[in-house]
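User: I am in my first year and I would like to go through this protein with you. I will ask what justifies each label, and I would like the reasoning spelled out.

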Amino acid sequence: MSRRPDDPPYLHAFPDSLPFARRLGRCVARAVAPIRLHRFPDGESLVRVTAPVGREVCLVRSLHDPNVKLVEILLAADALRRAGARRVTLLAPYLPYMRQDSVFTPGEPISQRVVAGALRAAFDRVLTLEAHLHRVQRLQDVLGRASCSLSAAPVIAAWLGRDGGETVVVGPDEESTAAVRAIGEIAALPWVVGRKARQGDRRVTIRFPALPARSRAVIVDDIASSGATIATAARALRRSGVRTLDAVVVHAIFAVGSLSSIRAAGVRRIVSCDTIPHRTNAIATASLFAGALLGGTVPVAAARS
Ligand code: R5P
């Protein structure tokens, strides 16, 4: 990604992702151009590219609250190509609709394939972090060879390492094994995972094996939505004698009431990666994406199964 001083901006970002795009821009030494967005009274969106467009560009937008944003990024991809782009990367720090990779109950769609089909038609590649994949193991398998779901393990391990001490890294369910193992190995900390059973959108049960004798546990999960998983894990860990509990999530969805229920369960500190803007953001991920954009070797996320 070599450049001359008068090159057009490489990064184009929606207003809601500008702060993230600017952090990324600093890491890759490239300018950021804002995408202008107008919403009509009937709910339709109009996007407008505001800067000269190079042959190779990267559109930055995190896709939490996804439905309207998905339409808008498709419009932006079209606008970028009409303005001269030949290769368009979508950099979505949070990528939705990856869980429904199968028909679980007759009558349902395979949402992952529907959304991936639209993205593949619009973008040459998609970069994201810790996509929630299960039966389909790699993002490449849904979004094409050049696409990649990066691992958050290096930045989470670095954050854990700052505190050091007597810490055990805890995954709330077996699906978190690969991620928690990677974090434990990088940070040189012991790790365990629980067995989770979900009874409903906001109700889970979790059982843990015997914990290594450590006074502090840090629960690590890819997403906190209702907060039920982290709160239930916290209560179980407290019952088993852990004195200090913190929690790290990658994608800070945090539905209304979730943070208070996590705190009520005894979690002292809750932090998140900056893939979704939220007041818990404490772990920067732009450097991971910069590595991917600059063509370096990047850690790839493992599927959660
Ligand atoms: C489940 O497979 C995920 O990794 C998270 O544990 C889950 O999405 C968290 O959701 P909630 O906060 O609603 O329990």
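User: Which residue stands opposite Asp246, and in which strand?

Analyst: In this predicted model, Asp246 stands opposite Arg269, which belongs to strand 14.

User: What makes strand 13 and strand 14 a pair?

Analyst: Two strands count as paired if there are at least two bridges between them. Strand 13 and strand 14 (residues 269-273) have 4 bridges, so by the cut-off of at least two they pair. The sense of the pairing is parallel.

User: To which sheet do strand 13 and strand 14 belong, and in what order do its strands come?

Analyst: They are part of an open sheet of 6 strands, in the order 9-8-12-13-14-15, with parallel pairing.

User: Why are strand 9 and strand 15 said to stand at the edges?

Analyst: Strand 9 (191-193) and strand 15 (281-283) each have a single partner strand, so one side of each has no neighbour in the sheet. From one strand to the next, the twist averages 35°.

User: Which helix lies across strand 8, strand 12 and strand 13?

Analyst: That is helix 7, and its angle to strand 12 is about 165°.

User: Why is Val168 called buried?

Analyst: Buried means under 20% relative accessible area. Val168 has 1% relative accessibility, so it counts as buried. Val168 lies in strand 8 (residues 167-171). In sequence, Val168 and Trp191 are 23 residues apart, while their C-alpha atoms are 5.4 Å apart in space.

User: Phe254 and Ala29 both have a positive phi. What are the values, and where do the two residues lie?

Analyst: Phi of Phe254 is near 40°, and the residue is in the loop between strand 13 (244-252) and helix 8 (258-264). For Ala29, phi is near 55°, and its loop runs between helix 1 (18-28) and strand 2. Neither residue is a glycine.

User: How do you know whether each of them is buried, partly exposed or exposed?

Analyst: The cut-offs are under 20% for buried and over 50% for exposed, with partly exposed in between. Phe254 has a relative accessible area of 8%, so it is buried. Ala29 has 43%, so it counts as partly exposed.

User: What is the strand order in the sheet of 7 strands, and which strands are at its edges?

Analyst: The order is 3-2-1-4-5-6-7, in an open sheet with mixed pairing. The edge strands are strand 3 and strand 7 (148-150), each of which pairs on one side only. Neighbouring strands are turned by 25° against each other on average, direction ignored.

User: What makes the pairing in this sheet "mixed"?

Analyst: Look at two of its pairs. Strand 2 (residues 32-39) and strand 3 run antiparallel, with 5 bridges. Strand 5 (residues 87-91) and strand 6 (residues 125-129) pair in the parallel sense over 3 bridges. Both senses occur, so the pairing is mixed. In the parallel pair, Val126 of strand 6 is the bridge partner of Leu90.

User: What joins strand 2 to strand 3?

Analyst: The two form a hairpin with 5 residues between them, and Gly43 in the turn has a positive phi of about 95°. Arg39 stands opposite Ser45 of strand 3.

User: Which residues of strand 3 are on its covered face, and why do the two faces take turns along the strand?

Analyst: The covered face of strand 3 (residues 45-49) has Ser45, Val47 and Val49, and the uncovered one has Leu46 and Arg48. In a regular strand, side chains alternate between the two faces of the sheet, which is why the faces take turns.

User: Which helices lie across strands of this sheet?

Analyst: Helix 2 lies across strand 1 (11-13), strand 2, strand 3, strand 4 (56-60) and strand 5, at about 35° to strand 3. Helix 9 (residues 286-293) lies across strand 1, strand 4, strand 5, strand 6 and strand 7, at about 150° to strand 6.

User: What is the volume of the largest pocket, and what lines it?

Analyst: Its volume is about 940 Å³. Of the 34 lining residues, the closest to the centre are Arg99, Arg198, Ile223, Ser225 and Ser226. Strand 12 gives the most to the lining, with 4 residues. The lining divides into 14 nonpolar, 9 polar and 11 charged residues.

Note on methods: Residues numbered from 1 in each chain as written. Predicted model: local features only at pLDDT ≥ 70, side-chain atom pairs only at ≥ 80, totals over all residues. Heavy atoms only, no water. Buried < 20%, exposed > 50% of the residue type's maximum accessible area, 1.4 Å probe, protein only. 1 Å grid on protein atoms, 1.4 Å probe; cavity = no way out; pocket = protein on both sides within 12 Å on 5 of 7 lines; lining within 4 Å. Points joined across faces, edges and corners; volume = space filled by probe spheres on them. Nonpolar A, V, L, I, M, F, W, Y, C, P; charged D, E, K, R; others polar. Axes fitted to C-alpha atoms, helices over the stretch in contact; angles between N-to-C directions. Contact = heavy atoms within 4.5 Å.
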